[in-house]
Amino acid sequence: MMMRRTALRFGFREVATPIFEHTELFTLKSGPAIVEEIYAFQDKGGREIALRPELTAPVIRFFVNELTNFPRPLKLFYAGPCFRYERPQSGRYREFYQFGAELIGNKNPESDAEVIGLAASIMRAIGLDQYHIRVGHIGILRDRMSDHGVDDGSCAKILQKLDKKMYEEARSMMEEAGIPDHAIEEMFGITQVRGDVSVLEGMEGEDIDYLKGVFQVLEWYGMDDIEVDLGVVRGLDYYTGIVFEVEAPSLGAEKQVCGGGSYSLSELFGGEPTFSTGFAIGFDRVLMALDKEGVDNEPEGLDVFVVPVDDDLRSLAFQLTARLRESGLATDVDLMRRSIGKSFKYADSMGARFAVVVGQRELDQGSISVRDMRSGEQRLVSLDEVVGHLLEETRRVSSS
Ligand code: HAM
């Protein structure tokens, strides 16, 4: 809910894509080896089908098929289950839930800063206290490798080793690819660059300037707790520009709660090459991190619970419930024909902020009784004004 609300506030709109897809959607970029890591099978018609391991490729395919005429940038978000054929362990599941966003537009630092800013705002909005956002640029290493004639396939394999911080394996693959020792040392040195944006001072190149531009926009947005880390490499091989990760240190081994970066996939699905940038948050991991921090993650409670005092007043109680719901207040009404005392108890267990008691005695005076469920204070409000009164009260208590 908070994630959705934050994305909407940033001007992103929700999209949904199918849970199972043609396997090809995921092998086009990553090659057939990816089949080992996903749930891929044949359906009864002999079609190659896969349960989606992520939503970036499906969203870009959707864009190419349906959304290319929409004004840019397109700012899309999604939430849903993903499946990967992994060895399950704490924080790593075969079925997990992702919340993600993709911005399809122009290659400029504003676009990348927008998605990084959204990820950071979501972390704040959900109440996570301990997290680090580290941003790098994969182009810096990719360009150096291609300068030494390393092909895309070998480059992807080397980057995967660097992503896992397996430097010795990376070194032997780099040697095999013909990269001279001094260049290997230089690249390893790049992966160690980490700190606030000042660590980029004195470094040169188009990608470094771009990264500085992203940090400039983040500063305009007032986001000064984001770090540079040129060692962020990312395991997926479609990234070409900015790459970033969010870690929650309380989680131990599987501490990456969010990963993202910029890429272009549209050409794989028959579209024009289009700059895109995005991220996905691992919902299960975020919940674990919140739990470890002791953040109360209960669903938001009800605003109002309506209690008819006797059967004759049920029609009025239900009409009032409908008006309260239409006004936007989360409202429930007694469906169990309970006594007032039991209804209050139930309303309390549902986290209701206010209870409205529809009783004949008060109605005879044109009023209704509104109870503050926290203080127990009860007051009479005129029937005509009760919706407005509750709207005002809920706004007041939620901002205090
Ligand atoms: P990813 O890093 O593969 O990126 O996954 C994003 C997040 O999903 C991870 O940071 C992690 O929190 C969570 N996650 C991944 N695998 C598992 C698992 N087996 N169990 C639990 N949680 C998991 C992507 O998926 C890209 N599509 C992100 C992106 C969007 N890049 C650009 N746009």
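In this predicted model, E168 and R171 form a salt bridge, with their closest N and O atoms 3.8 Å apart. Both residues belong to helix α7, which covers residues 167-176, and because they sit three residues apart in that helix, about one helical turn separates them. E168 is also out in the open: its relative accessible area is 54%, so it counts as exposed.

That pair is one of several. A search through the whole structure turns up 21 salt bridges. Another one brings together the side chains of R314 and D334, with 3.9 Å from N to O. Here the partners come from separate elements: R314 is part of helix α11 (residues 314-326), while D334 is in the loop between β14 (331-333) and α12 (340-349), so this salt bridge ties together parts that are 20 residues apart in sequence. What about their surroundings, buried or exposed, in the case of R314? R314 turns out to be buried, at a relative accessible area of 12%. D334 is buried too, and its relative accessible area comes to just 2%.

Helix α11 spans residues 314-326 and β14 spans 331-333, and a further salt bridge links R325 with D332. Its closest N and O atoms lie 3.9 Å apart. R325 is partly exposed, with a relative accessible area of 45%, whereas D332 is buried at 18%. Salt bridges can also share partners, and that is how R134, R194, E227, D229, R234, E245 and E247 end up joined into one network.

One member of that network, R234, shows up again at the ligand. An N or O atom in the side chain of R234 is 2.9 Å from an oxygen atom of the ligand. R84 does something along those lines, with a polar side-chain atom placed 2.9 Å from a ligand oxygen. For Q256 the contact goes through the backbone instead: one of its polar backbone atoms is 2.8 Å from an oxygen atom of the ligand. How much of the ligand's accessible area does the protein cover? On its own the ligand has 660 Å² of accessible area, and the protein covers 96% of it.

So much for single contacts; next comes the whole shell. The ligand is surrounded by 27 residues, and the closest of them are E54, T56, E86, Y93 and Y239. Sorted by class, the shell is made up of eleven nonpolar, nine polar and seven charged residues. Which strand gives the most to the shell? That would be β11, with seven residues. At least two residues of the shell come from each of β6 (95-105), β11 (256-263) and β12 (275-282).

Among the closest residues to the ligand is E86, and a bit more can be said about it. E86 is found in the loop between β5 (74-83) and β6. With a relative accessible area of 19%, E86 counts as buried, because the cut-off for that label is under 20%. The side chain of E86 also makes a polar contact with the side chain of R92, at 2.6 Å.

On the other side of β5 in the sequence there is another loop, the one between α3 (56-67) and β5, and this is where R72 lies. R72 is partly exposed, with a relative accessible area of 43%. Along the chain, R72 and F26 are 46 residues apart, and their C-alpha atoms are separated by 25 Å.

Strands β16 and β17 form a hairpin. Strand β16 covers residues 367-372 and strand β17 covers residues 378-382; the two run antiparallel and are joined by five bridges. Which residue of β17 stands opposite I368? The partner is V381. Five residues lie between the two strands of the hairpin, and G376 takes a positive phi near 80°.

Finally, here is the view of the protein as a whole. The protein has 14 helices and 17 strands. Its C-alpha trace spans about 90 × 55 × 45 Å along the principal axes. Of its 400 residues, 49% count as buried.

Note on methods. Residues are numbered from 1 along each chain as its sequence is written. This is a predicted model: local features need pLDDT of at least 70, side-chain atom pairs count only at pLDDT 80 or more; totals for chains, interfaces and linings use all residues. Side-chain values use heavy atoms; hydrogens and water are left out. A salt bridge is a side-chain nitrogen of Lys or Arg within 4 Å of a carboxyl oxygen of Asp or Glu. Helices (H or I, at least four residues) and strands (E, at least two) are DSSP runs, numbered from the N terminus. Buried means under 20% relative accessible area, exposed over 50%, partly exposed in between (1.4 Å probe, protein chains only). A residue is near a molecule or strand if one of its heavy atoms lies within 4 Å of it. A polar contact is a pair of N or O atoms within 3.5 Å; within protein, one must be able to donate a hydrogen and the other to accept it, and residues adjacent in sequence count only if both atoms are side-chain atoms. Accessible areas come from the Shrake-Rupley method with a 1.4 Å probe; for residues, only the protein chains shown count as cover. Ala, Val, Leu, Ile, Met, Phe, Trp, Tyr, Cys and Pro count as nonpolar, Asp, Glu, Lys and Arg as charged, and the others, Gly among them, as polar. Two strands pair if DSSP finds at least two bridges between them.
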